[in-house]
Amino acid sequence: MTTEHPKTALITGANKGIGFEIARQLAKLGYAVFVGSRDINKGKHAAQQLCDRGFEATFIQLDVTDPLSIKQAAGTFSQKADHLDLLINNAGVLDDHGEDILKLNVELLNRTLTTNVTGPIMVIQDFLPFLQKSHAPRILNVSSELGSLKTMRAYSPAYSISKTALNAVTRQFAGALPGIAVNSVSPGWVRTDMGGRNAPLSVEDGAADIVWLATEAPRSETGKFWQNKREID
Ligand code: NDP
């Protein structure tokens, strides 16, 4: 790692959407970004786009549902950097748009939980040694307002339940890791493949609050669920 770019960030699901924009904004702030993507071609292309703009970006193949892929990603990371300042668990799926729990397919629920909940747990576990070598480590789990128990409606149950569980994961790691700021954050409703074209927010706006929480919020803030730079649940 060069001395000009001592800070490192790994973003899962960074080949497109909010994840790519988080990577772009962090790279612009001087972070050496690791672009996680389960797809080699998409991931390499995304990292190359950042390199072409003069940023320091490295592709890391990482499927958050595959324990071996995560371990291999940690091995690849260890060859490129000795510490990790920011881990952003951004990869996620929404496969039950608008359905209700009376018709919930439990296999779909399990698949959603595997990506949105088990995945971040495994990624944190395997990248923890690198986070513990950072002077100011942070973990951000990209959640959703649909995961808020205060405002949740009977809508997209698998996704909503998974994001509520992700917020619980945040609390658990925050309690277990007093030296690391661990938070959940909702980007709002953002125009991406997942959010659709009618969403009010651009990816730039959706990523901006996440980047604020990752770089500017006091590190004493931990175990919380944020939206619009304030705790919401
Ligand atoms: P996109 O669908 O545009 O991007 C999702 C990303 O996650 C893609 O890079 C996708 O990879 C990746 N991904 C999915 N499954 C896996 C996996 N098993 N392993 C690794 N990567 C995976 O969604 P957004 O950018 O909109 O969403 C990003 C995050 O923000 C998600 O966690 C989502 O729940 C959250 N969010 C989004 C909102 C919105 O309005 N857009 C609102 C609230 C929360 P691939 O290209 O290979 O499919």
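**Exercise 1. Decide whether N228 is buried or exposed, then look at its backbone.**

*Solution.* Start by counting: N228 has 11 other C-beta atoms within 10 Å, so it is exposed. Keep in mind as you work that this is a predicted model. Next, find its place: N228 sits in the loop between β7 (225–227) and β8 (230–231). Finally, check the backbone angle: the phi of N228 is positive, about 50°, although this residue is not a glycine. Most residues other than glycine have a negative phi.

**Exercise 2. Work out whether K229 is buried or exposed, and find the sign of its phi.**

*Solution.* Locate K229 in the loop between β7 and β8. Then count again: K229 has 12 C-beta neighbours inside 10 Å, and a residue is exposed if the count is 12 or fewer, so K229 counts as exposed. Its phi is near 65°, a positive value in a residue other than glycine.

**Exercise 3. Find out which strands pair with β4, and in which sense.**

*Solution.* Take one side at a time. Strand β1 (residues 8–11) pairs with β4 in the parallel sense, over three bridges. As one example, A9 has L86 as its bridge partner in β4. Now turn to strand β5 (residues 138–142), which pairs with β4 in the parallel sense over four bridges. Here L87 has I139 as its bridge partner in β5. To finish, follow the chain: β4, α4 and β5 form a right-handed β-α-β unit.

**Exercise 4. Sort the residues of β4 by the way they point, and then list the contacts of I88.**

*Solution.* In a regular strand, side chains alternate between the two faces of the sheet. Apply that idea to strand β4 (residues 86–89): L86 and I88 point one way, L87 and N89 the other way, and all are buried. Now zoom in on I88. Leaving aside neighbours within four places in sequence, I88 is in contact with A9, L10, I11, T12, I22, L140, V142 and A214. The largest nonpolar core has 58 residues, and I88 is among those that touch the most other members, as are L10, I22 and L87.

**Exercise 5. Describe the shell around the ligand.**

*Solution.* First, the count: 31 residues surround the ligand, and the closest are G13, G17, G92, T192 and G195. Second, the make-up: the shell divides into 12 nonpolar, 13 polar and six charged residues. Third, the contributors: helix α1 (residues 17–28) gives the most to this shell, with three residues.

Conventions
Residues numbered from 1 in each chain as written. Predicted model: local features only at pLDDT ≥ 70, side-chain atom pairs only at ≥ 80, totals over all residues. Near = placed C-beta within 6 Å. Helix = DSSP H or I, 4+ residues; strand = E, 2+ residues; numbered from the N terminus. Nonpolar A, V, L, I, M, F, W, Y, C, P; charged D, E, K, R; others polar. Core = buried A, V, L, I, M, F, W, Y, C linked by C-beta atoms within 7 Å. Buried ≥ 20, exposed ≤ 12 C-beta atoms within 10 Å, placed from the backbone. Contact = placed C-beta atoms within 7 Å. Pairing = 2+ DSSP bridges. Right-handed = clockwise from strand over helix to strand, strands pointing away.
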